[in-house]
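Dear colleague,

I am handing over the structure we spoke about, and it is placed directly below so that you can have it open while you read. My notes on what was found in it follow after that.

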Number of protein chains: 2
Amino acid sequence: MTDLDGPEPHQDDRPLVLVAMGGHAFIDEGEKGTIEDHERNAQRIAEILMTLVEMDHRLVITHGNGPQVGSLLQQQEMAGGEIPAMPLDVLVAMTEGSLGYVLQQSLLNELRHRDIPRWVVTMVTQVRVDEDDPAFESPTKPVGPFLSKEEALRRQEELGWVVGEDSGRGWRRYVPSPRPRRVIQNRMVREAAHQGHIVVAGGGGGIPIKKDDKDRYVGVEAVVDKDLTSSVLATDVGASLLIILTAVPNVYVGFGTPEERALGAVTLEEIEQLRDEGHFPPGSMGPKIDAVIHFLREGGRRALITDPESLPRAIEGRAGTHFVGRV
Amino acid sequence: MTDLDGPEPHQDDRPLVLVAMGGHAFIDEGEKGTIEDHERNAQRIAEILMTLVEMDHRLVITHGNGPQVGSLLQQQEMAGGEIPAMPLDVLVAMTEGSLGYVLQQSLLNELRHRDIPRWVVTMVTQVRVDEDDPAFESPTKPVGPFLSKEEALRRQEELGWVVGEDSGRGWRRYVPSPRPRRVIQNRMVREAAHQGHIVVAGGGGGIPIKKDDKDRYVGVEAVVDKDLTSSVLATDVGASLLIILTAVPNVYVGFGTPEERALGAVTLEEIEQLRDEGHFPPGSMGPKIDAVIHFLREGGRRALITDPESLPRAIEGRAGTHFVGRV
């Protein structure tokens with residue numbers, strides 16, 4: 001065997017942090033999502049994440065892929081079926097490759113720039129959902145481009161799609177959003193993170209698979225909530241801290257009302273109560289709060305929701321919304 | 001930390017085998033490359049690879065992506081630029097995700113079917129090329145769809161593409177094919193493989209990157225030969241055997257002539273001599289022979305070239321072309 005160049009891996013027991021970000025983190029307001037947009041935004045995020053790396057935390061990163069899968073679906077649509085169209089699970093896999101690459105390149109560059117001897121790897125991650133998840137009965141997530149009513153109904157007929165109107169803007173395909181049960185590659189993520197490598201995993205919420213009637217894994221055309229997958233993965237890899245990055249610096253109660261109040265720190269019990277009081281709408285902060293509650297209930301110690309810009313201060317307890325579970 | 005379900009990893013020192021296959025392995029003669037085609041062919045390959053798994057070998061798998069990247073390029077072409085087109089390095093990353101997923105799903109199913117407690121993970125792999133590789137001076141690999149002469153020349157003008165006629169069938173873009181120097185994720189591949197996990201890596205020859213004038217990694221629009229990358233990776237992870245799967249059961253000398261003869265076993269010295277005599281054309285067997293020679297020169301002990309169907313017999317020394325290096 002030849003010598004491998006490159007750094008020696010860490011083998012210590014430093015805290016493991018899982019950081020989740022949205023697919024929109026790669027595309028800023030008003031941008032089209034070119035490769036230059038992706039690279040510039042990834043660069044910015046990588047710089048911010050160096051705060052955690054310089055504290056010598058072990059690090060697992062997850063990310064969404066909404067806009068990117070949307071682009072692939074629209075592109076397939078525009079190509080008009082001359083090239084075989086790939087199903088949604090395969091498109092998610094593609095974005096795990098492309099976004100993982102862009103992110104790991106930026107992270108590697110920041111590590112090299114700082115002379116920090118750590119490596120980065122993206123793992124293509126499958127996530128198992130229950131074959132009898134009730135979500136399969138009622139698809140709720142619109143995906144892909146808008147279609148004419150006629151075209152939508154034709155695909156319902158010919159391809160078995162579930163279609164419906166979306167926000168009065170036209171017809172779209174709807175797919176289910178089942179709960180993530182297990183991240184198939186969780187062991188490899190944990191092992192690599194414990195070695196000190198920065199691991200990108202669970203992109204787009206993971207590639208959804210289920211067991212078929214022959215007990216074989218098969219892909220499903222579904223969208224798994226990336227915050228819930230992040231929570232499941234954080235639990236599985238034994239993360240001590242789950243950080244969910246979003247567009248706002250804090251979680252708010254009474255958002256958009258005169259009583260609006262930013263939360264600084266709350267206990268598991270407090271956040272469960274606020275959730276039950278209906279403070280967090282399903283379309284935006286709701287899934288993130290659900291993810292945090294799931295993580296803390298499963299034994300997680302701390303969680304944090306904030307925006308990338310506030311992260312360095314939030315890490316010092318000076319910004320963001322902090323959630324505390326068991327000590 | 002919660003218990004992780006799933007098998008205990010192997011921690012032994014069984015031989016590590018690297019198996020390389022082409023992107024055409026996923027698309028059989030006359031097939032269009034639908035997801036069903038990909039899954040069926042991956043399934044067949046996974047079953048064949050179980051021969052190695054049942055011998056308890058550690059296993060790293062690499063694969064090509066020619067037809068799949070071709071489809072993505074054509075699709076971008078047909079979408080007409082309304083969705084931002086992604087450069088070649090990002091498209092390679094996408095195929096690492098999609099083909100890695102299809103392959104790891106089939107492998108997982110075969111492992112589960114056989115009650116073999118091992119895991120599978122695909123790693124998104126960057127491969128570094130020299131910024132002053134002479135290949136950059138003369139792009140030789142045609143990629144993407146055929147264009148009219150006018151359209152080709154327009155892109156040469158506007159996008160800086162190198163274009164030219166291809167096989168008298170029309171105009172295409174040409175990109176360089178620099179030599180792979182180092183697989184960036186080689187340490188993580190090696191660690192996971194040594195744990196007993198089956199690792200898919202280096203898909204499409206790896207995502208080509210180079211250092212820019214600020215010493216930062218940047219993607220390059222190039223095609224790295226997947227057999228050469230497989231050889232570099234096999235060396236870096238300390239593989240004792242490199243297997244290159246192709247469309248024919250053996251390597252031949254005098255191929256297509258009355259003196260055609262299948263090679264059974266040859267030494268490093270013999271194959272170097274045959275190569276120098278011009279027996280292996282650059283477009284087909286040449287790069288595979290170069291990859292084998294590189295691997296053996298770097299200290300590899302054995303290599304094997306055969307087709308998937310012959311692999312089980314080849315492993316027993318009853319088929320295929322075997323190459324022997326140092327003992």
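**Charges over rings**

In chain B, the charged end of B:R172 is placed over the ring of B:F146, at 4.9 Å from the centre of that ring. Please keep in mind throughout that this is a predicted model. A second arrangement of this kind involves B:K210, which lies over the face of B:F136 at 5.4 Å from the ring centre.

**Aromatic pairs**

When the whole structure is searched, 2 aromatic pairs are found over all chains. One of them joins A:Y252 and A:F255, whose ring centres are 5.4 Å apart and whose planes make an angle of 45 degrees, so that the pair is classed as tilted, given that tilted covers what is neither under 30 degrees nor over 60. Within this pair, A:Y252 counts as buried, with a relative accessibility of 17%, whereas A:F255 is exposed at 54%. In chain B, B:Y252 and B:F255 also form a tilted pair, with 5.3 Å from centre to centre and 45 degrees between the planes; here B:Y252 is buried, at a relative accessible area of 17%, while B:F255 is exposed, at 55%.

**How the two chains are related**

Chain A can be laid on chain B by a turn of 180 degrees with a shift of 0.0 Å along the axis, and the RMSD of that superposition is 0.0 Å. The two copies are therefore related as by a two-fold rotation axis. As for the interface, 100% of the interface residues of chain A are also interface residues in chain B, which means that the copies meet through the same surface.

**Helix 7 of chain B**

Which residues of helix 7 of chain B are buried? In this helix, which spans residues 268–276, they are B:L268, B:I271, B:E272 and B:L274. Because these residues cover an arc of only 165 degrees around the axis, they lie on the same side of helix 7 of chain B. On the other side of the helix, B:E269 and B:D276 are exposed. The buried residues of helix 7 pack against several elements of chain B, namely strand 13 (252–253), strand 15 (265–267), helix 8 (285–297) and strand 17 (321–324). Just after helix 7 of chain B comes B:G278, which adopts a positive phi of about 85 degrees.

With best regards

Definitions and conventions
Residues are numbered from 1 along each chain as its sequence is written. Chains are lettered from A and ligands numbered from 1 in the order in which they are written. This is a predicted model: local features need pLDDT of at least 70, side-chain atom pairs count only at pLDDT 80 or more; totals for chains, interfaces and linings use all residues. Side-chain values use heavy atoms; hydrogens and water are left out. Rings of Phe, Tyr and Trp (its six-membered ring) pair if their centres lie within 6.5 Å; planes under 30 degrees apart count as stacked, over 60 as edge-to-face and the rest as tilted. Buried means under 20% relative accessible area, exposed over 50%, partly exposed in between (1.4 Å probe, protein chains only). A charge sits over a ring if NZ of Lys or CZ of Arg is within 6 Å of the ring centre and within 35 degrees of the ring normal. Copies are superposed by least squares on the C-alpha atoms of residues with pLDDT of at least 70 in both. Contact means heavy atoms within 4.5 Å. Helices (H or I, at least four residues) and strands (E, at least two) are DSSP runs, numbered from the N terminus. The arc is that of the directions from the helix axis to the C-beta atoms.
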